[in-house]
Amino acid sequence: MRMQFIDPGAFRTELSLQSATLTPDGAGGYTESWSETATVFGFIEPVRASAPFGAAQNHERVTHRITLRFRPGVAGGMRFLRAGRIFRIVTAHDPDETGRYLVCLAEEESS
């Protein structure tokens with residue numbers, strides 16, 4: 001197993017970890033509301049950007065890697081909020097299975 005070096009001193013970005021609550025709207029759909037689960041410090045780095053064209057529209061996608069100290073309960077479907085920017089968590093995993101760090105791949109949502 002190859003050990004990945006993670007610098008915990010780089011965790012200087014304050015992030016709001018949020019989870020969604022779905023409430024039925026009575027018409028077969030639901031209303032989504034977000035609430036803060038925790039405030040964490042992490043390191044955000046852009047990984048990839050793409051702008052595929054489809055249906056006469058550009059669909060920009062920016063993917064980021066967000067690394068933080070391990071925290072149980074973080075999963076895809078949650079999100080990070082930072083200074084008005086929203087990062088939707090796609091995956092969250094422990095890179096070396098030691099319970100020290102958590103690496104989340106996230107997509108930035110356009111507002």
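## Overall fold and confidence

The chain contains zero helices and eight strands, and, read along the sequence, its elements follow the pattern β-β-β-β-β-β-β-β. The model is a predicted one, and the mean pLDDT of the chain is 87, with 86% of the residues reaching 70 or more. Confidence is lowest in strand S4, residues 57-58, where the mean is 62, and highest in S6, where it is 97. Where pLDDT is low, the predicted coordinates should not be read in detail.

Of the 111 residues of the chain, 28% count as buried. The chain exposes about 7,300 Å², and carbon and sulfur atoms supply 51% of that area. Among the contacts with a separation of 6 or more, 48% are made by residues 24 or more positions apart.

## Strand pairing

Strands S1 and S2 run antiparallel and are joined by twelve bridges; within this pairing, Glu14 has Phe41 in S2 as its bridge partner. The hairpin that S1 and S2 form has five residues between the strands, and Gly26 in that hairpin takes a positive phi near 85°.

Strand S1 is also joined to S6, again in an antiparallel arrangement, through three bridges. On the S6 side of this pairing, Phe80 stands opposite Leu17. Phe80 has a further role in the description of the interior, as it is listed among the residues with the most contacts inside the largest nonpolar core.

## The nonpolar core

The largest nonpolar core has 14 residues, and those with the most contacts inside it are Ile66, Leu68, Phe80, Ile89 and Cys104. The elements that give two or more residues to this core are strand S1 (13-24), strand S2 (30-50), strand S5 (61-69), strand S7 (85-93) and strand S8 (101-109). The largest share, three residues, comes from S8. As a general background to such a cluster, nonpolar side chains in soluble globular proteins tend to be buried together.

Leaving out residues up to four places away in sequence, Cys104 touches His64, Arg65, Ile66, Leu68, Val74, Phe80, Ile89, Thr91 and Ala92. Four of the other residues named for having the most contacts inside the core, namely Ile66, Leu68, Phe80 and Ile89, are therefore found again among the contacts of Cys104.

## His64 and Ala49

His64 is found in strand S5 and counts as buried because its relative accessibility is 3%, where the limit for a buried residue is under 20%. When its neighbours within four places in sequence are set aside, His64 is in contact with Ile44, Glu45, Pro46, Val47, Arg85, Phe87, Cys104, Leu105, Ala106 and Glu108.

Ala49, whose place is in strand S2, offers a contrast in accessibility, for at 62% relative accessibility Ala49 counts as exposed. Ala49 and His64 are 15 residues apart in sequence, and their C-alpha atoms are 9.0 Å apart in space. Beyond the residues up to four places away in sequence, Ala49 touches Arg61 and Val62.

## An aromatic pair

How many aromatic pairs does the chain hold? The count comes to one aromatic pair. The ring centres of Phe11 and Tyr101 lie 5.9 Å apart and the ring planes stand at 80°, so the pair is edge-to-face, the angle being over the limit of 60 degrees used for that class. The pair links distant parts of the chain, since Phe11 belongs to the segment before S1 and Tyr101 to strand S8, 90 residues apart. Both Phe11 and Tyr101 are buried.

## Positive phi outside glycine

Ala83 is not a glycine, yet its phi is positive, at about 50°. The place of Ala83 is in the loop between strand S6 (79-82) and S7, and Ala83 is exposed, with a relative accessible area of 72%.

Glu97, likewise not a glycine, has a positive phi of about 55°. Glu97 lies in the loop between S7 and S8, and at 70% relative accessibility Glu97 counts as exposed. For either residue, the class follows because exposed means over 50% relative accessible area.

Key. Residues numbered from 1 in each chain as written. Heavy atoms only, no water. Core = buried A, V, L, I, M, F, W, Y, C linked by side-chain atoms within 4.5 Å. Buried < 20%, exposed > 50% of the residue type's maximum accessible area, 1.4 Å probe, protein only. Helix = DSSP H or I, 4+ residues; strand = E, 2+ residues; numbered from the N terminus. Contact = heavy atoms within 4.5 Å. Areas by Shrake-Rupley, 256 points an atom, 1.4 Å probe, with all protein chains shown as cover. Phe/Tyr/Trp six-rings, centres within 6.5 Å; stacked < 30°, edge-to-face > 60°. pLDDT = per-residue confidence, 0-100. Pairing = 2+ DSSP bridges.
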